[in-house]
Every structure is written in structure tokens, then in C-alpha cells.
Amino acid sequence: MGSYRDEVGSLTFMVRKVWLHMRSAIGEELKAFGLSTSQYATLMMTAGHPGMSVADIAREVASSRQAANEMLNGLEHEGLIERHPHPTDGRTHQIAVTEAGRTRLAEARVAVARREAELEASFTPAQRAAIRDWLEGVSDACH
């Protein structure tokens with residue numbers, strides 16, 4: 001009889017399990033900033049790529065447009081993002097991070113980086129680099 005890890009150790013299951021545990025750990029850090037992991041991810045994405053649409057964000061955070069729109073409503077209500085009409089598509093809005101959003105994101109990034117460093121502390125720099133390379137490679141292969 002194989003070990004539990006061998007029986008349920010498909011890569012997909014393992015990645016999902018790690019994601020859920022990391023999401024929980026990071027989510028605990030983000031509570032102090034009044035952010036969910038999806039909101040934090042959205043602030044990071046839109047700060048790095050201004051002008052994303054609701055559909056773009058939904059794809060990136062793997063949610064429906066309706067769920068992404070509700071999450072954006074919360075960020076907008078907090079004054080962390082603004083919606084601007086798309087210059088050529090009247091049905092679409094572009095999302096922009098406000099100054100307050102940039103400040104909140106910068107503060108949250110410090111806490112998230114600290115927590116991620118704690119989670120990675122038992123790995124060598126070479127192992128961390130290999131893990132990141134593998135994750136990027138699998139992500140690229142899936143697209």
C-alpha cells in the first residue's frame with residue numbers, strides 16, 4: 001500500500017492544497033488591511049497594468065464577471081480603485097488604482113512579503129528559485 005501522498009499526490013491536487021493553505025495564511029495577514037486575497041491580487045494587477053477591465057480581472061482571479069464586479073464594488077466603495085470609461089468601448093470600464101489604493105497595497109505588500117518569507121524559510125535560495133521557475137513553467141504550459 002502506497003503512502004497517502006502517493007494516493008492523492010497528483011500535481012493538480014498538491015498545487016491546489018498548497019494554494020488553499022497559502023491563501024489562508026496570506027488572508028490572515030491581509031485582514032489587518034481590510035483586504036481579501038482577491039482584492040489584494042486585484043490591486044497588484046491593476047497597479048501593474050492600469051486599464052484592466054472587469055472581464056480581464058475576472059479571468060486573472062479565476063472568478064465570474066459578476067463576482068469580480070462585486071469585489072470591485074467593495075474596492076471602489078473603500079476609495080481604493082476608480083472606474084473610467086474605456087476610450088473606444090462604451091460598454092467597458094477601465095480600472096485604476098487610486099492613491100489610497102496604492103498606499104494600502106504598499107502597506108499590505110510588506111506584511112505579505114514577511115509572511116511569504118516565513119513560509120519559505122526552510123527552503124534554500126536554489127530551491128525557492130526552482131519552485132518559482134517550475135510554477136511559471138507550468139503556468140505558461142497551461143496557456
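Patches are made of residues with over 30% relative accessible area and no salt bridge, nonpolar side chains (Val, Leu, Ile, Met, Phe, Trp, Tyr) being joined within 5 Å and like charges within 9 Å. Accessible areas come from the Shrake-Rupley method with a 1.4 Å probe, and for residues only the protein chains shown count as cover. A salt bridge is a side-chain nitrogen of Lys or Arg within 4 Å of a carboxyl oxygen of Asp or Glu.

This is a predicted model, in which local features need pLDDT of at least 70 and side-chain atom pairs count only at pLDDT 80 or more, while totals for chains, interfaces and linings use all residues. Residues are numbered from 1 along each chain as its sequence is written, and side-chain values use heavy atoms, with hydrogens and water left out.

**Exercise 1. Describe the overall layout of the chain.**

Step 1. Helices (H or I, at least four residues) and strands (E, at least two) are DSSP runs, numbered from the N terminus. The chain has seven helices and two strands.

Step 2. Their order from the N terminus is α-α-α-α-α-β-β-α-α.

Step 3. Along the principal axes, the C-alpha atoms fill a box of roughly 60 × 30 × 25 Å.

**Exercise 2. Locate the nonpolar surface patch.**

Step 1. Leu11, Phe13, Met14, Val15, Phe123, Ile131, Trp134, Leu135 and Val138 make a nonpolar surface patch of about 730 Å².

Step 2. Two or more of these residues come from each of α2 and α7 (125-142). Valine 15, for instance, is found in α2.

**Exercise 3. Work out how α3 packs against α2 and α5.**

Step 1. Axes are lines fitted to C-alpha atoms, for helices over the stretch in contact, and angles run from 0 to 180 degrees between N-to-C directions. Helix α2 (residues 11-31) packs on helix α3 (residues 37-48) at an angle of about 80°, the axes being 9 Å apart. So α2 is roughly perpendicular to α3 (65 to 115 degrees; under 35 is roughly parallel, over 145 roughly antiparallel, the rest oblique).

Step 2. Contact means heavy atoms within 4.5 Å. Arg23, Ile26, Gly27 and Leu30 of α2 touch Thr37, Ser38 and Tyr40 of α3.

Step 3. The axes of α3 and helix α5 (residues 65-77) come within 10 Å and cross at roughly 75°. These two helices, α3 and α5, are therefore also roughly perpendicular to each other.

Step 4. Here Ser38, Gln39, Thr42 and Leu43 of α3 meet Met71, Leu72, Gly74 and Leu75 of α5.

Step 5. Outside its neighbours within four places in sequence, serine 38 contacts Arg23, Val61 and Met71.

**Exercise 4. Find a salt bridge within α2.**

Step 1. The structure holds ten salt bridges.

Step 2. One joins the side chains of lysine 31 and glutamate 28 (2.9 Å, N to O).

Step 3. Both residues, lysine 31 and glutamate 28, lie in α2, three residues apart, about one turn of the helix.
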